[in-house]
Each structure stands twice: as C-alpha cells, then as structure tokens.
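Hi,

Here is the model I said I would pass on. Have a look at it first, and then read on for what turned up.

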Amino acid sequence: MSIVARIKEATAKAIESLYQHQLSAQDITVNQTKPEFEGDYTVVLFAFVKTLRTSPDALGQALGQYLVANNGELFTGFNLIKGFLNLTVTDNFFLQYLQQRYAGQPDLTYGAPQKVMVEYSSPNTNKPLHLGHLRNNFLGWSVAEILKASGNEVMKTCIVNDRGIHICKSMIAWQDFANGATPESTGTKGDHFVGDYYVKFSDTHKAQMKELEAQGLSKEEAEKQAPIMLQTQQMLVDWEAGKPEVMELWKKMNSWVYAGFDQTYKRIGTDFDKTYYESQTYLLGRKFVEEGLEQGVFYKKEDGSVWIDLTAEGLDEKLVLRKDGTSVYITQDLGLADEKYGEFPYDQSIYVIADEQNYHMKVLQLILKKLGKPYADGIFHLSYGMVELPTGRMKSREGTVVDADDLVEEMVAIAARHTEESGKVKDFTEAELKELYDTIAIGALKFFLLRVDPKKKMIFNPEESIDFHGFTGPFIQYTHARIKSILRRQPINEAVAVNFNGLEKLEKELLVLLEQYPGTVRQAAVEQNPSVLAIYAFNVAKTYNSFYTEHSVLSAESEEKKELRLRLCQLTATTIKSAMGLLGIRVPERM
RNA sequence: GGACCGGUAGCUCAGCUGGAUAGAGCAUCUGCCUUCUAAGCAGACGGUCAUUGGUUCGAAUCCAAUCCGGUUCACCA
C-alpha cells in the first residue's frame with residue numbers, strides 16, 4: 001500500500017479512536033508537504049474541525065501524538081502549522097520500499113481487469129500523416145499501454161478512411177496527370193506520392209472554378225460544375241458500382257499509401273491489433289435504420305430521408321439516412337461500433353478523436369443508447385485539442401501543414417548535431433548512432449506532444465522547434481544514461497544490507513517521489529492522461545540530477561551509503577524507463 | 001443565435017475533487033566541468049491567475065454575469 005493510503009488509513013483510525021467518529025479514507029486530504037516546512041506528508045485538518053467540534057490546534061496535537069505513538073514504523077515526528085499537520089515519515093519505510101523494489105519491475109496493476117478497445121490514428125488514404133496525426137497516435141498508443149500496464153486487456157484498433165469522394169479526388173488527378181508514374185518510378189514515399197495528386201486535384205479544381213466564375217457562375221455552382229469535380233463524382237458512383245478499372249486503380253493507390261503509412265508507423269512506434277477499413281464497414285450501419293424505425297427512435301420524412309430527433313436532449317435533429325438511401329457518416333459509425341463490440345465485447349471503448357468532433361461523438365453515443373445497445377455506456381471519447389501553429393490552425397490549402405515524416409527527419413538531424421557536439425559516443429558504430437538519433441529525436445517529439453493535457457489545444461512553434469533541454473524527453477533520457485554509466489562501473493553488491501537511519505535530504509526526496517510511481521500510473525489510467533506520467537518522469541529526473549550533483553555515488557562516505565545510492569540509482573533508472581516506456585519513449589544506455 | 005471548450009510569468013505549460021507565501025521549462029542575467037556523462041547543477045529576474053460580483057474559516061480552483069478566443073450545430077467525412 002502506498003504511503004499516502006497508509007496515512008489516510010492511520011488518520012481515520014486515529015480519529016475514530018480519539019473522537020469516536022467514522023471517516024472514510026477519501027474524506028481525508030493528504031498532500032506532499034511543501035518544501036519550506038518540515039515533514040514529508042501533510043494532513044489537512046480544517047475539514048474535520050467542525051464535525052469534531054474542536055480547534056485545528058487541539059485536533060492537530062492530539063492526532064499528531066496519536067499517529068506517532070501508534071505508528072512508530074511510519075512516523076518519526078510531526079509539527080503543526082495552523083491547520084496543517086506535517087508528518088515526517090521514517091527513513092526505514094522508504095528504505096524498505098527501495099529494498100523491495102529496486103531489483104524487479106514495478107507492479108502497476110489495480111482493480112478488476114477490463115476489456116478495453118482503443119481506436120486511434122484514423123488516417124485518410126489521400127494524404128500523408130501530419131502533426132495532428134502524431135498527437136493522436138502518441139496519445140492513443142500511450143493510453144492503450146497505460147491501461148495494459150494497469151492490468152486490463154486492451155485491443156488497439158485503427159479505422160482507415162479508404163473510400164469516399166476525397167479518395168476519388170487523388171485518383172482522378174493521378175489518372176489525368178500522372179502518365180503512369182508510380183512511387184517507384186519517381187522515388188517517392190507512397191503516401192506522399194498520392195498526397196501530391198490530392199494537391200494537384202485542388203489546384204486544378206481551383207483553376208477551373210475561376211474560369212467558370214469568370215463565365216458568370218456563382219461560387220457554389222462553379223465548385224460543383226468544374227469538369228474535374230464532375231469526373232470525381234462519376235468515379236465515386238463507379239466505385240460504389242464496383243467498376244473493375246476503378247477498383248483496380250483504387251486498390252493500387254491505396255496500397256501505395258499503406259506502404260508509406262507502414263513505414264511511418266514503424267518509425268514512430270505505432271502499432272495496432274486490428275485495422276478496420278471504412279470500405280468494408282460503411283454499409284454496416286444500414287440495418288440500424290430499419291431497427292430504429294421499428295423502435296420508433298427514428299422517423300422518415302416525406303422525401304424518404306430518415307432522422308432522429310435529439311432536441312429533447314438539447315441537441316438537434318440529425319439525419320441518419322439520405323433521401324437517396326445512402327448512409328451518412330454517423331450511420332457508418334453506428335455500424336462500426338456494433339461490429340467492434342461483436343468482435344471484442346468490451347467494457348470500455350475509447351475513441352481518440354480531435355475535439356472538433358465532440359458533438360458528433362455525443363450524438364453517436366446518444367443514438368446507440370436510444371437504440372438500447374448495451375455497449376453504449378462503455379463508449380468514451382478521448383477528445384484532444386488540435387495542434388496549432390503560432391499563426392493559427394494548420395491549413396492544407398495554405399500549405400502550412402507540418403508533415404510527420406519531415407518533422408521526424410528534422411528532429412533526427414537536430415539529435416545528430418547535439419550528439420556530435422557532445423562527443424560522448426565516438427565509439428558507436430553507424431548502426432548504433434542511427435538508433436540513438438532515432439531514440440532521441442522521436443523521444444523529444446513524443447514527449448513534446450504528450451507532456452500537455454490532451455484536452456487542451458497546443459501550439460507548435462516550428463521556428464523554435466523542439467528543445468532538448470529542460471522539460472523534454474532528451475533531458476530524461478540523458479538522466480537515464482548517466483545513471484547507467486554509474487551502474488556499469490559499479491554493479492550492486494546484493495550482500496550488503498542498507499537498513500539504517502540518516503537519509504540525506506535529496507536521497508529522501510527522491511525516494512518519496514519513486515514511491516509515488518504506481519499511484520501516478522493509476523492516475524494516468526483513470527484520467528486517460530499520459531501527461532501525468534510525462535510530468536512525473538521529469539520530476540524524477542530533475543530530483544535525481546540534483547542528488548547526483550550533491551552526492552557522489554561511487555565515492556560515498558561509506559560502503560553502506562554507496563550501496564544505498566547504487567540501489568537508488570537502479571530504482572530511479574527502472575522507474576524512468578518504465579514511465580517513458582508507457583509514453584512510447586525509449587531510453588538509451590548511453591548518449 | 002444555440003451548445004460545448006478555453007483565458008495562469010515575455011513564450012510554452014503545471015496546478016482546477018476548494019487549503020500554507022501560485023509552480024516548472026524556455027528566454028534574460030550570475031556562478032559551477034583536473035572528481036560518477038555540463039543534453040547537467042545552484043541562484044537571480046519575472047504574476048491584477050481575463051474582468052466583476054457571490055458562496056466560506058479559506059477561491060487560480062466552486063457559482064453567476066461580462067469581455068476575449070476557439071470548436072460545432074451539412075442530405076461532407
């Protein structure tokens with residue numbers, strides 16, 4: 001049990017014994033003591049003063065004395081400042097924790113295991129991945145891993161938007177302008193290759209619109225009447241009819257894109273247990289229309305379109321089937337949700353989707369509820385804020401989209417430059433260097449995107465790029481490498497025992513932090529928020545670095561101190577590696 | 001217009017289930033490498049927590065109003 005849990009438990013017991021008053025652990029506020037006061041953890045007393053009909057001072061004195069007298073293994077002393085009871089935890093408690101944990105892997109499981117599905121990434125097959133996808137990928141992957149580490153059965157999924165008018169746009173452009181060029185013939189990565197034709201479509205479309213507008217058509221008319229758009233519409237019809245040459249082109253171009261995605265996913269360490277393709281799932285929602293009409297949840301308008309009225313819930317009327325009988329986005333999603341549950345009967349289904357779709361996800365869940373689907377309550381929208389540039393949103397039309405592959409390459413170049421300047425790994429082979437650059441570059445990128453609360457939109461400044469100092473991935477990686485350097489020189493001697501009193505301030509501070517690790521992972525899991533772990537890992541690294549500068553490990557005052565510090569180093573390294581691992585960030589042995 | 005989200009140091013962000021004098025990193029400035037990796041450490045500077053009112057022992061945190069910014073309310077996906 002964590003020290004905080006034990007303090008709460010002991011406090012509840014003490015109050016029951018002293019005042020015959022029952023309290024549950026969650027009623028008690030325990031904070032880490034502020035550095036300017038003596039003590040490690042603080043019980044906040046104000047909440048009980050009224051019900052116990054006593055003063056903060058009297059309560060604090062009584063409680064402090066009781067806790068120290070009855071929990072000698074936990075507390076060595078207390079002090080009372082206003083309504084705050086500061087408790088000093090015994091060195092021995094932390095030394096025991098250290099002794100038990102330094103060698104193995106942390107146990108991070110809690111609660112009853114659940115089946116959790118996590119959907120993330122969801123790319124379109126008409127353009128390469130960009131910065132926004134990276135936040136999505138890193139978030140989804142990390143949340144999945146955190147839930148897995150917490151003891152749940154997790155299935156990572158991806159829905160690929162591989163069909164529709166936007167896919168036809170790049171197809172038409174390729175057909176009209178490529179002269180048979182391929183990624184191989186041009187030496188272009190497949191997803192970028194196809195993305196270039198999507199841009200080509202836009203440019204052509206724009207030019208044709210301009211001509212039509214000059215002929216007096218309105219903007220809307222011009223948009224629809226542009227020859228390339230008419231072509232694209234026809235191609236979509238042909239695709240839905242399964243016209244062989246269109247299907248062939250579609251498959252060919254998608255396969256180029258997938259080859260490109262695979263390369264990027266591999267590079268950034270994203271993986272999935274199951275990939276859904278919209279082309280295979282988009283018709284699944286149709287049966288819901290019948291079902292909803294029968295149940296009276298949906299209604300049909302005169303023109304044949306089908307709707308659901310959500311105005312009672314404060315939302316709007318929502319179309320679920322077009323008058324021409326084709327299904328819309330939300331209907332497809334209903335079908336996919338059903339398909340997912342059929343394959344993996346989950347307790348929770350997490351959708352990692354940007355916050356611009358908050359309304360859509362709300363509607364999706366509500367419709368499923370109204371249809372009486374048992375899995376509706378398990379749906380959770382992990383809504384994250386968009387990544388913006390200092391100038392505002394990324395816009396493909398204005399060419400301000402930050403490409404994922406380009407960004408990774410840029411980071412690698414910076415990592416290489418820093419590494420060369422430091423001159424610390426001159427004996428590395430080419431392959432080792434390459435791996436190190438990737439580890440640092442992608443670590444920096446992931447940390448940068450994961451350190452912010454997912455809910456909040458974030459600003460990415462390409463000018464300043466991503467720093468390698470301070471609150472960053474490389475800072476933490478560097479700390480790990482430093483520790484490993486010590487442990488390589490001097491392995492731990494298991495035979496030496498380390499039970500004694502007299503921890504240095506920074507030794508204890510570090511132990512206090514390390515002891516909080518399982519609780520921190522739990523918080524990250526409950527909140528589905530990796531940034532909690534990023535901040536934690538940074539604090540551990542920072543505290544270790546202070547300790548490192550202040551106290552020598554290898555030239556410690558005594559053999560026993562040295563062994564203590566070696567174990568402290570080991571546990572710090574393990575904790576950093578574990579926490580960073582849950583963020584998808586590798587930590588090097590040397591850098 | 002309706003709904004939802006946000007506004008904390010020059011910049012990027014923590015803190016938000018109410019608790020002590022609001023914290024980090026970057027930037028700026030001062031020190032510290034013949035001693036375990038200076039991608040580091042120690043320190044300085046920097047705040048009307050958007051504004052106003054309310055709730056109470058106590059408010060950045062809760063409530064209301066206002067201002068500013070964003071997203072969304074498509075027979076697009």
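Glu557 counts as exposed, since its relative accessibility is 56%. For the cut-offs, buried means under 20% relative accessible area, exposed over 50%, and partly exposed in between (1.4 Å probe, protein chains only). Glu557 makes a salt bridge with Arg565, with 3.1 Å between the closest N and O atoms. A salt bridge here is a side-chain nitrogen of Lys or Arg within 4 Å of a carboxyl oxygen of Asp or Glu. Arg565, in contrast to an exposed residue, is buried, at a relative accessible area of 1%.

There is also a network: Glu145, Lys148, Lys156 and Asp271 are joined by salt bridges that share partners. Within it, Lys156 and Asp271 pair through their side chains at 2.8 Å, N to O. That pair links distant parts of the chain, 115 residues apart, with Lys156 in strand 6 (residues 153–160) and Asp271 in the loop between helix 11 (244–268) and strand 7 (274–277). Helices (H or I, at least four residues) and strands (E, at least two) are DSSP runs, numbered from the N terminus. Lys156 is buried at 2% relative accessible area, while Asp271 is partly exposed at 39%.

Another salt bridge joins Arg267 and Glu409, whose closest N and O atoms are 2.6 Å apart. Arg267 belongs to helix 11 and Glu409 to helix 16, so the pair ties together parts 142 residues apart in sequence. Both are partly exposed, Arg267 at 26% relative accessibility and Glu409 at 42%. The structure holds 32 salt bridges.

Before you go further, some ground rules. This is a predicted model, where local features need pLDDT of at least 70 and side-chain atom pairs count only at pLDDT 80 or more, while totals for chains, interfaces and linings use all residues. Residues are numbered from 1 along each chain as its sequence is written, chains are lettered from A and ligands numbered from 1 in the order in which they are written, and side-chain values use heavy atoms, with hydrogens and water left out.

Now the charged patches. These are made of residues with over 30% relative accessible area and no salt bridge, like charges being joined within 9 Å. Lys and Arg count as positive, Asp and Glu as negative, and His and the chain ends are not counted. Each charge is placed at NZ of Lys, CZ of Arg, CG of Asp or CD of Glu, and the areas come from the Shrake-Rupley method with a 1.4 Å probe.

The positive surface patch brings together Lys206, Lys219, Lys395 and Arg397. Arg397 sits in the loop between strand 14 (392–393) and helix 16 (404–422) and is exposed at 70%. Glu213, Glu220, Glu221 and Glu223 form a negative patch on the surface. Helix 9 (residues 219–225) supplies its largest share, three residues. Glu220 is in helix 9 and is exposed at 54%.

On the backbone, Gln20 has a positive phi near 55 degrees without being a glycine. Gln20 lies in the loop between helix 1 (3–19) and strand 1 (30–32), and is exposed at 63%. Ser122, not a glycine either, has a positive phi of about 40 degrees.

As for the whole of chain A, there are 22 helices and 15 strands, and 53% of its 591 residues count as buried.

Cheers

Terms used. Patch = residues over 30% accessible without salt bridge, like charges linked within 9 Å, V, L, I, M, F, W, Y side chains within 5 Å.
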